[in-house]
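Here is a short set of exercises to work through with the model open beside you. Try each task before reading its solution.

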Amino acid sequence: MSSRRDFLKNALIAGAFLPTLALPGQRQRQGRGRALDPSEIPAYRFKTISIDRWPALKADFEKIRTGEGLSRHEKFRGSLAALDFSLPRDFSNPRSVVILATFAKSAVADFSLNGKNHRILIPFQYYGDEWTPDRLKTAIQNEIIKIPDRRLVDISKQVPLKYLAGRSGLGSFGRNNLIYVDGMGSYCLLHAFLTDAELPDEPQGELQLLDACRRCHMCDRICPTDCMSRSRFIIDAGRCISLANENPGEFPNGILPSMHHALMGCLKCQTPCPENSRIPDLTNTLEAVSEENTRKILRGQPDDALLISWRQKLRLFPDVAPSDFFPILKRNLSALIRT
Ligand code: SF4
Ligand code: SF4
């Protein structure tokens, strides 16, 4: 399973593909109505793509990547550049790619400072408690491939997951540039696995926009940094809070500490989305953080045990240098607790 679940991969890169959406006529309804019972939420959904389609998908992706309209933000561009559709060189006879969406829950943790409790959100993109890499691989092997001894390699890091999810029909894009999967809304993590098993080549369609977005601007209105524009569908990645609070350094101009509402990332354009309204709140509550440990984080002086414990809690956080991890945590927590 990829550890690069940063917002750039999970959300913003989606914006790169929205210019290709044929807005009138391309519809997919996720379905609103009664809230789903937790037992009705699928653990995962998947689509399979023949490797024969790989060159065409790559060429299409290149056209979009080199086209107009994307943010020039250096970090965003860096993430795009890393997505090159490369396959492992030592993988002989690749036949299919499995694209999966796994349902993902957020978490909250209570921090203490001066005797006061602060409940802090940890969005699902950073906190992964359900699908360990081994569990995911076993499920694909036993429930999707169903042929013993087939090779299976995680290629999530080097492929544009949102794009593949959209082209394979696994999900549809929202105006917030996130992908929505039936029964999960936008609360999902995407994965791609290469296999030498011959799996059904499901028809590739065009990228689709949620039907609901044609008459809704909730995410647009609520975004604190105006990432979205009514005149175009690509969000401005350079303005997104997630981009700022995942990276080290001072917050850029235009992103005020008071705009933060999560330890990492931002869920403001997802929580009120009507297309997520059927998904029940299954947020996990983590062990409370003592006042002593809260202070250690705020001072940016963790001990080894605290460092390890927070790396485990944020195990889907990008692979930043160890020397950057705690300063990021300190800055983000300070913005939440002291403002
Ligand atoms: S909030 Fe509205 S416009 Fe935004 S993604 Fe959801 S349905 Fe679409
Ligand atoms: S609401 Fe938050 S996550 Fe969504 S686009 Fe705006 S800043 Fe980014």
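Two residues are in contact if their C-beta atoms, placed from the backbone, lie within 7 Å. The structure is a predicted model: local features need pLDDT of at least 70 and side-chain atom pairs count only at pLDDT 80 or more, while totals for chains, interfaces and linings use all residues. Residues are numbered from 1 along each chain as its sequence is written, and chains are lettered from A and ligands numbered from 1 in the order in which they are written.

**Exercise 1. The whole chain**

Find how many helices and strands the protein chain has, and what percentage of its residues are buried.

Solution. Start with the secondary structure: helices (H or I, at least four residues) and strands (E, at least two) are DSSP runs, numbered from the N terminus. The protein chain has 10 helices and 11 strands. Next, burial: a residue is buried if 20 or more other C-beta atoms lie within 10 Å of its own, exposed if 12 or fewer, and partly exposed in between, with C-beta atoms placed from the backbone. Of the 339 residues in the protein chain, 41% are buried. Finally, take the contacts between residues at least 6 apart in sequence: 84% of them join residues at least 24 apart.

**Exercise 2. Strand 3 and its partners**

Work out why strand 3 counts as largely enclosed, and which residue of strand 9 is the bridge partner of Val98.

Solution. First, count: 8 of the 8 residues of strand 3 are buried, so the strand is largely enclosed by the rest of the structure. Second, sort the side chains. In a regular strand they alternate between the two faces of the sheet. Here Ser96, Val98, Leu100 and Thr102 point one way, and Val97, Ile99, Ala101 and Phe103 point the other. Third, look at the pairing, which requires that DSSP finds at least two bridges between two strands. Strand 2 (residues 44-50) pairs with strand 3 in the antiparallel sense over 7 bridges, with Tyr44 opposite Thr102. Strand 9 (residues 188-195) also runs antiparallel to strand 3, joined by 8 bridges, and Phe193 is the partner of Val98.

**Exercise 3. A sheet of three strands**

Determine the strand order of the open sheet that contains strand 4.

Solution. Begin with strand 4 (residues 107-113), which pairs antiparallel with strand 5 (residues 116-122) over 7 bridges. These two strands form a hairpin with 2 residues between them, and Asn114 in the turn has a positive phi of about 55 degrees. Then add strand 11 (residues 284-285), which pairs with strand 4 in the parallel sense over 2 bridges. Ala107 stands opposite Ile122 in strand 5 and opposite Asn284 in strand 11. The order is therefore 5-4-11, with mixed pairing. Strand 5 and strand 11 are the edge strands, each pairing on one side only.

**Exercise 4. Around the ligands**

Which residues come nearest to ligand 1, and how is the shell around ligand 2 split by class?

Solution. A residue is near a molecule if its C-beta atom, placed from the backbone, lies within 6 Å of it. Of the 13 residues around ligand 1, Gly174, Cys213, Cys216, Cys219 and Cys273 come nearest. The residues surrounding ligand 2 include Cys223, Cys227, Cys240, Cys266 and Cys269. For the classes, Ala, Val, Leu, Ile, Met, Phe, Trp, Tyr, Cys and Pro count as nonpolar, Asp, Glu, Lys and Arg as charged, and the others, Gly among them, as polar. The shell around ligand 2 has 7 nonpolar, 3 polar and 1 charged residues.
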